[in-house]
Amino acid sequence: MHEMSLCEGIRGIIEDQARRHGFSRVTRMRLEIGRFAGVEKAALSFAFDVVMRGSPAEGAALEMIDLPGRAMCFDCAEQVELDDRLSPCPLCGGGRLMPETGDEMRIRDMEVI
C-alpha cells in the first residue's frame, strides 16, 4: 500500500512546516489528486489517520480534491479530458495521446493553529 508512504512524506512536510512557521496543530489538510495518480482514496484516508498519530496533524480533517486527467491528441491536435489514461480521444477516437496532467498529487493548503 503506497498510500502509507505518501502519508509519511506528507507528515514530514507538516513537521518541517510546523518547525519553520511555529504552528502546533493542523486542523484541515487539503490534497489535490490527479485522476491518473493511482491513489486509492479510502486507503489514503486510512493511512493518513494512522500516520498522523502523534504529529501536529493528528485528528486533522483530510479533504481530497479531484483533478482531471488531460492529454494532447496528436490525431486531432486538441487537448482533451480523459476518464482513463488508456482511453481513446473523446473527440476523434484517436489513440495517439500524450498525457499532460492527471498524475500529480500535492498539498493544496492546510489550516493550522
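**Exercise 1. Classify His-2 by accessibility in this predicted model, then place it and list its contacts.**

Solution.
Step 1. The relative accessible area of His-2 is 38%. Buried requires under 20%, and exposed requires over 50%. His-2 is therefore partly exposed.
Step 2. His-2 sits in helix α1, which spans residues 2–21.
Step 3. Set aside the neighbours within four places in sequence. His-2 then contacts Gly-38 and Val-39.
Step 4. Check the record. An unreviewed UniProt entry lists His-2 under "binding site".

**Exercise 2. Which residues of helix α2 are buried, and how are they arranged around the axis?**

Solution.
Step 1. Helix α2 covers residues 41–51. Its buried residues are Ala-43, Leu-44, Ala-47, Phe-48 and Val-51.
Step 2. Look down the axis of α2. The buried residues fall within an arc of 135 degrees, so they line one face of the helix.
Step 3. Turn to the face pointing away from the buried side. That face carries Ala-42 and Phe-46, both exposed.
Step 4. Find the packing partners. The buried residues of α2 pack against α1, β1 (26–34) and β2 (61–67).

**Exercise 3. Give the strand order of the open sheet of 3 strands, and explain why one side of β4 and of β5 lacks a neighbour.**

Solution.
Step 1. The order is β4-β3-β5, and the pairing is antiparallel.
Step 2. β4 (79–82) and β5 (97–101) stand at the edges. Each has a single partner strand, so one side of each has no neighbour in the sheet.
Step 3. Add the twist. With direction ignored, neighbouring strands of this sheet are turned by 40 degrees against each other on average.
Step 4. Take one pair in detail. β3 (residues 69–73) and β4 pair in the antiparallel sense over 4 bridges. Gly-69 stands opposite Leu-82 in β4.
Step 5. Recall the chemistry. Strands of a sheet pair through backbone hydrogen bonds.

**Exercise 4. How many disulfides does the model hold, and why is Cys-92 not bonded to Cys-73?**

Solution.
Step 1. A disulfide needs two cysteine sulfur atoms within 2.5 Å.
Step 2. The cysteine sulfur closest to that of Cys-92 belongs to Cys-73, 3.7 Å away. That is too far for a bond.
Step 3. The count for the model is 0 disulfides.
Step 4. Compare accessibilities. Cys-92 is partly exposed at 39% relative accessibility. Cys-7 is buried at 0%.

**Exercise 5. Which cysteines share a "binding site" annotation, and are they clustered or scattered in space?**

Solution.
Step 1. In the unreviewed UniProt entry, the annotation covers Cys-73, Cys-76, Cys-89 and Cys-92.
Step 2. These residues are spread over 20 residues of sequence, yet they cluster in space. The largest C-alpha distance is 8.7 Å.
Step 3. Locate Cys-76. It lies in the loop between β3 and β4. Its relative accessibility is 24%, so Cys-76 is partly exposed.
Step 4. Leave out residues up to four places away in sequence. Cys-76 then touches Cys-89, Leu-91 and Cys-92.
Step 5. Locate Cys-89. It lies in the loop between β4 and β5. Its relative accessibility is 3%, so Cys-89 is buried.
Step 6. Apply the sequence filter to Cys-89 too. Cys-89 touches Cys-73, Cys-76, Val-80, Gly-94 and Leu-97, not counting residues up to four places away.

Terms used: Residues are numbered from 1 along each chain as its sequence is written. This is a predicted model: local features need pLDDT of at least 70, side-chain atom pairs count only at pLDDT 80 or more; totals for chains, interfaces and linings use all residues. Side-chain values use heavy atoms; hydrogens and water are left out. UniProt positions are given in the numbering used here, feature names are shortened, and annotations may be inferred rather than shown by experiment. Helices (H or I, at least four residues) and strands (E, at least two) are DSSP runs, numbered from the N terminus. Buried means under 20% relative accessible area, exposed over 50%, partly exposed in between (1.4 Å probe, protein chains only). Contact means heavy atoms within 4.5 Å. The arc is that of the directions from the helix axis to the C-beta atoms. Two strands pair if DSSP finds at least two bridges between them. Axes are lines fitted to C-alpha atoms, for helices over the stretch in contact, and angles run from 0 to 180 degrees between N-to-C directions.
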